[in-house]
Amino acid sequence: MLFQEHHATNKQKRIQLSMVVLLLVSLFFSAIPVKAAEGDGYSAQEGQDLYQKLKTGKRLQGEKTYEAPEQPTVYLTFDDGPSKLTGQVLDILEKEDVKATFFALGEQSQAHPELVKRIVQDGHTLGNHSYNHVYKELYSDFQTFWDQIQRSEDVFAGIADVRPQLVRAPGGTYTNFDAYYYYLMDQAGYTVVDWNVDSGDSKRSRVPVNEIWQTIKESPLEHEINILFHDGSGHESTVEVLPQVIAYYKKLGYAFAPLTTQVKPKQFPVGKSKWSRNMSLVHFQELLKETQLYASAHPLMPDNNPNDAINLLVHQTKVATEETAQILSKQSTVPLQVHVVDGSSFTLEPTEYQLRANRIELPLRFLIEKLGGKVEWQENRKTANAHYGVYDVEYDLSARSIRLYSLGNSVATYSLADMNLQNGKIIVPLRKTIDLIGGRITNSVIEPDKREVSMAFRQFYMFRENNSLLKNSLFALGG
Ligand SMILES: [Zn+2]
């Protein structure tokens, strides 16, 4: 059986892995040809065009699809911690059975590692809020911002084994971020999140409870509300007001959820930067290389915090139940065009996929084989194993869970409500599956008469052109 084979050859794989690491390191330090270093398939000319376009100040971003919750939802967010107040916030959230998001500082996390662990263990989302929050460092140059995000991320990884994909810019993005900041963070695979309700708990020191409460009550009741709070020191009022804020939204019928990469991020428009920065073409190309190297070394996961997947499951179970009745009527009549960036394109006939709430679902075997991977069905265990690149993904139908293996080692287990067996085929959601095998959906068009999906696989970008040996090693490891 497949996974027994993996265990048997673990040692061999470790040797192969160290060879790959060695290759990666030598590649990194050798002069990488400009074309390959630009990753994402940009030619030198395209890189320049990109630089010029961003210079106009307009944002450039790949289209992403998000899942809107059925129920109106509040995303409580707490910035600047952890501090000695964070334990109290966590106690309140636990008592109220509410999950939230903590945009933590690396520096504070080093001072309170036990709180970082508890945030993750309690099922909240841990987000990255830079290392030290010092504006003039963070916004003097993207390089400094980037270095702080990396530094905090290493702190989080060391404490709680998570690398947050969600980032909140200290002070928010407005007038701090420019088009380059946004673009480079996007290239690295991060989701930058602002807010749409500011509780005002940080507009000066010691804002009284009643003032925060009035601000909350006067805030617009949108379908999705992302509230900015602070759990750094000096925010006793925030702790005090929190139970009545939760009660208020519960009474209005709101659900509470932690932020994930599936939630459409609230983002401010790009404003005129209040920082004088000068991005040269050469510097931009270096940063682009750096962020893309990061992305290829850290392929996107559905979410680094497995708890996110569980919360998503709760949400999806609800949605799936309501939608089951609609599935048959949603049988598609239009072919689906699939484009793999720098790879093959293929078409799915209307009978080969289905749409459910604008999510594309299709047979697992069909998808993986179209992409050049392999699927094995294990009847006795009711599992299917998909192999693609360095990834092995095991779909367990009875447990409705997915186990992800990278280089033969178990990386994570995710629950997935919307996996089912139809006519003897395992039907899986397209986007989730692409995420799991190290890719991402870069664009999708779901219209009555046109259906198109584009996807890209990051791990191959850097090496495709200049090192086929490395590519082959990566493939060999995946089996
Ligand atoms: Zn902050």
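**Exercise 1. Is strand 21 mostly covered or mostly open, and how does strand 21 fit into its sheet?**

*Solution.* Start with burial: in this predicted model, strand 21 (residues 450–457) is mostly covered, with 6 of its 8 residues buried.

Next, place strand 21 among its partners. The sheet is open, has 4 strands in the order 10-9-21-20, and its pairing is mixed. Strand 10 (345–348) and strand 20 (439–447) are at the edges; each has a single partner strand, so one side of each lacks a neighbour in the sheet. From one strand to the next, the twist averages 15 degrees.

Now walk across the order, pair by pair:

- Strand 10 and strand 9 (residues 336–340) run antiparallel and are joined by 4 bridges. Look for Leu336, which stands opposite Leu348 in strand 10.
- Strand 9 pairs with strand 21 in the parallel sense, over 5 bridges. Here His339 has Ser454 of strand 21 as its bridge partner.
- Strand 21 and strand 20 are antiparallel partners over 8 bridges. Gly439 faces Phe457 in strand 21, and a hairpin of 2 residues connects strand 20 to strand 21.

As a reminder, strands of a sheet pair through backbone hydrogen bonds, in either a parallel or an antiparallel way.

**Exercise 2. Classify the ring pair Phe142 and Phe145, and find the cluster that holds both.**

*Solution.* Begin with the wider count: a search of the whole structure gives 23 aromatic pairs. For Phe142 and Phe145, the ring centres are 6.1 Å apart and the planes make an angle of 35 degrees, so the pair is tilted. The cut-offs behind this step are under 30 degrees for stacked and over 60 for edge-to-face.

Then ask where the two residues sit. Both belong to helix 9 (residues 142–160) and are 3 residues apart, about one turn of the helix. The background here is that an α-helix has 3.6 residues a turn, so residues three or four places apart point the same way.

Check their exposure next. Phe142 has 1% relative accessibility and counts as buried, and Phe145 is buried at 0%.

Finally, widen the view. Phe142 and Phe145 belong to one aromatic cluster, whose members include Tyr135, Trp146, Tyr182 and Trp275. Tyr182 also has a charged visitor: the charged end of Arg59 sits over its ring, 3.5 Å from the centre. A second example of this arrangement is Arg151, which lies over the face of Tyr131 at 3.7 Å from the ring centre.

**Exercise 3. Which residues of helix 5 are buried, and what covers them?**

*Solution.* In helix 5 (residues 86–96), the buried residues include Thr86, Gly87, Val89, Leu90, Ile92 and Leu93. Their cover includes strand 1 (73–79), strand 2 (101–104), helix 7 (113–121) and helix 12 (236–251).

Follow one of these links. Pro243 has its place in helix 12, and its C-alpha atom is 6.9 Å from that of Ile92, although the two are 151 residues apart along the chain. Pro243 is partly exposed, because its relative accessibility is 31%.

Last, look at what comes after the helix: Asp97 follows helix 5 and has a positive phi, near 55 degrees.

**Exercise 4. Find the backbone features in the loop between strand 1 and helix 5.**

*Solution.* Take Asp80, which lies in this loop. Its phi is near 80 degrees, a positive value in a residue other than glycine. Asp80 is buried, with a relative accessible area of 17%.

Move on to Pro82, in the same loop. Gly81 and Pro82 are joined by a cis peptide bond, with omega about -5 degrees.

For practice elsewhere, try Thr175, in the loop between strand 4 (166–167) and helix 10 (179–188). Thr175 is not a glycine, yet its phi is positive at about 65 degrees; it is buried too, at 15%.

**Exercise 5. Where is the pLDDT under 50, and what is the average for the protein?**

*Solution.* The average pLDDT is 79, and 76% of the residues score at least 70. Residues 1–41 stay under 50, and the model gives them 61 contacts beyond four places in sequence. Residues 460–479 are also below 50, with 48 contacts beyond near neighbours in sequence.

Methods: Residues are numbered from 1 along each chain as its sequence is written. This is a predicted model: local features need pLDDT of at least 70, side-chain atom pairs count only at pLDDT 80 or more; totals for chains, interfaces and linings use all residues. Side-chain values use heavy atoms; hydrogens and water are left out. Rings of Phe, Tyr and Trp (its six-membered ring) pair if their centres lie within 6.5 Å; planes under 30 degrees apart count as stacked, over 60 as edge-to-face and the rest as tilted. Buried means under 20% relative accessible area, exposed over 50%, partly exposed in between (1.4 Å probe, protein chains only). A charge sits over a ring if NZ of Lys or CZ of Arg is within 6 Å of the ring centre and within 35 degrees of the ring normal. Two strands pair if DSSP finds at least two bridges between them. Axes are lines fitted to C-alpha atoms, for helices over the stretch in contact, and angles run from 0 to 180 degrees between N-to-C directions. pLDDT is the predictor's confidence in each residue, from 0 to 100. Contact means heavy atoms within 4.5 Å.
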